[in-house]
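Reader: Please take one part of this model and look at it closely. Start with a single loop, then work outward to whatever connects with it.

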Amino acid sequence: MKLFPKLASTVSGLLIGTTACLSLSFYVTERQAIRAEADQERRALLQNLVHIAQESFLTNDDLLLVKYTRWLQKWNPSLVSASVVSPQGEVLAHSEPRLIGKSVSLASLDSGRTQVLVLTQPVHLGNQWVATASAGFSERQFEEIVQNRLRELQKRLGLIAGGAVAAGLVISFLLALSWTRPVGTLARAAGRVGQGKFDLDLAVTNGRRDELGSLSKAFQAMAEQLRQLDQMKDDFVSAVTHELRSPLGAIESYLNLISEELRDGISLSAWQTYVERLRINTQRLTHFVNDLLDVAALERGKVTLTKSSVNLAILIQDVGALYSAKFSERKLALKTVIPEKPAPNVWADSDKVRQVLVNLVSNAIKFTPDGGTIEIGLQNLPQEKRVCVY
């Protein structure tokens, strides 16, 4: 299963489970509260009847008590009967007017009724007991009232829970999308890096302020480092090719020259010159190969310099002589411009300076058309010595 449906289903499941548990807990609590409230209403009704009885005795208004007792059934459907009985057993007020004025026991008023809860409370005026108020409630109708209220609660709770679940599902969908889309973007970016394409557009994911944003920034930094390493690899291959081609080309030129002059005979001095040039180019190849094998120096990014006193004028003449065969082959003219006043020696690595100068002359030979002129000049400046190849 992919990450998006797995994440969305997990968050949705947790949301639905949490909503169900909370709804059930709330329903159980409210059910108890509804029952307690309905029971409190019954006791409040009896309490009101006691207050009306007290007021009736104080004002000597029997009609008020009778009317109030008769109207109680209209206000509370679960009320079966309500009565006020004197201590002598005389019915002072009753929900059934026919019983008013009769002498009956309080227990016999609702003795014929089943499933009736009878609540009683004495009526006092000061410390004097003047009557007893009682109210009988039908348990069946009481349960119907409670169930009606519970059904209303279930309906409201269902609407609220349904709305919460629907909103939660939308939120979980958007949340899962907000987490999986950056992961998909990073996956596609990883594919591009695997193909050697390091131009990544991760501005959207980089703008996040969470762990995915940090991951995106780290991934883009890694891609940039890989791009630099890839560029370094290309530069390295180009440099190696150039460094190998220059001495090999010189060696090939002298070998061709020797092969051509063997037919006419080669003087001893010419032999010595050619062999010396071949030796110098062979040494260049050896030094270059040694530099390639110096892995520790490359990893540290440091190159060991062997400094000594170097005469740049002599070095220029040596490099020019090194390519004399190549100049003859391409019909190129070499012009060296050296000041009349000898320049003082410089403190430098002779091999590294020679290598740079050889590369410049090699490039000049490569890009100068046949029959052209290449100039190597030495400028004796106040603070530096400058070698130029034109």
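Author: A residue counts as exposed when its relative accessible area is over 50%, and as buried when that area is under 20%. The model is a predicted one. The loop to start from is the one between α1 and α2, where N60 is found.

N60 has a relative accessible area of 65%, so it is exposed. Its backbone also deserves a look. Phi of N60 is near 55°, which is positive, and the residue is not a glycine.

Next comes the start of α2. Here a side-chain oxygen of D61 reaches to within 3.3 Å of the backbone nitrogen of L63. Helix α2 covers residues 62-75. It has 14 residues and reaches 21 Å from first C-alpha to last, close to the 20 Å expected at 1.5 Å a residue. Its buried residues are L65, V66, Y68, T69 and L72.

Two of those names return in the largest nonpolar core. That core has 21 residues, and L65 and L72 are among those with the most contacts inside it, along with L49, L79, V84, V123 and A133. The elements that each supply at least two of its residues are α1, α2, β1, β3 and β4. Helix α1 gives the largest share, 6 residues. A general tendency fits here: in soluble globular proteins, nonpolar side chains tend to be buried together.

V84 shows how these pieces meet. Setting aside neighbours within four places in sequence, V84 is in contact with L49, A53 and L65. Its contacts also include E90, V91, L92 and A93, as well as A131, T132 and A133.

One place before V84 in numbering sits S83, in strand β1 (residues 79-85). S83 counts as buried because its relative accessibility is 2%. Its side chain joins that of S134 through a polar contact of 2.7 Å.

Now back to the helix before the loop. Helix α1 spans residues 3-59, and R42 is found in it. Is R42 buried or exposed? Its relative accessibility is 5%, so R42 counts as buried. Beyond its sequence neighbours within four places, R42 is in contact with L117, L119, F137, E139 and F142.

Away from this region there is a second, separate core of 19 residues, which includes V310, L315, Y323 and L378. L378 leads to strand β6, where V337 lies. V337 touches L378, and also E375, I376 and G377, not counting residues up to four places away. V337 and E375 are 38 residues apart in sequence but 7.3 Å apart in space, C-alpha to C-alpha. At 34% relative accessibility, V337 counts as partly exposed.

The backbone feature of N60 has a parallel here. K331 lies in the loop between α9 and β6. It has a positive phi of about 55° although it is not a glycine. Its relative accessibility is 63%, so K331 counts as exposed.

On the other side of β6, K341 is found in the loop between β6 (333-337) and β7 (346-349). K341 counts as exposed because its relative accessibility is 66%. K341 and N380 are 39 residues apart in sequence, yet their C-alpha atoms are 9.1 Å apart.

Helix α10 (residues 350-367) can be checked as α2 was. At 1.5 Å a residue its 18 residues should span 26 Å, and its end C-alpha atoms are 26 Å apart, which agrees. D349 caps its N-terminal end, with a side-chain oxygen 3.1 Å from the backbone nitrogen of D351. The buried residues of α10 are L357, V358, N359, V361, S362, A364 and I365.

S362 and I365 also face a pocket. The second largest pocket holds about 240 Å³ of space. It has 13 lining residues, and those closest to its centre are R245, K326, S362, I365 and K366. Elements giving two or more residues to this lining are α5 (211-261), α9 (324-330) and α10. The largest share of the lining, 5 residues, comes from α5.

Notes:
Residues are numbered from 1 along each chain as its sequence is written. This is a predicted model: local features need pLDDT of at least 70, side-chain atom pairs count only at pLDDT 80 or more; totals for chains, interfaces and linings use all residues. Side-chain values use heavy atoms; hydrogens and water are left out. Helices (H or I, at least four residues) and strands (E, at least two) are DSSP runs, numbered from the N terminus. Buried means under 20% relative accessible area, exposed over 50%, partly exposed in between (1.4 Å probe, protein chains only). A polar contact is a pair of N or O atoms within 3.5 Å; within protein, one must be able to donate a hydrogen and the other to accept it, and residues adjacent in sequence count only if both atoms are side-chain atoms. A nonpolar core is a set of buried Ala, Val, Leu, Ile, Met, Phe, Trp, Tyr and Cys residues joined through side-chain atoms within 4.5 Å. Contact means heavy atoms within 4.5 Å. The expected span of a helix is 1.5 Å times one less than its number of residues. On a 1 Å grid over the protein atoms alone, a cavity is a set of points where a 1.4 Å probe fits but cannot get out, and a pocket is an open set with protein on both sides within 12 Å along at least five of seven lines; lining residues have an atom within 4 Å of a point. Grid points are joined across faces, edges and corners, and a volume is the space filled by probe spheres set on the points.
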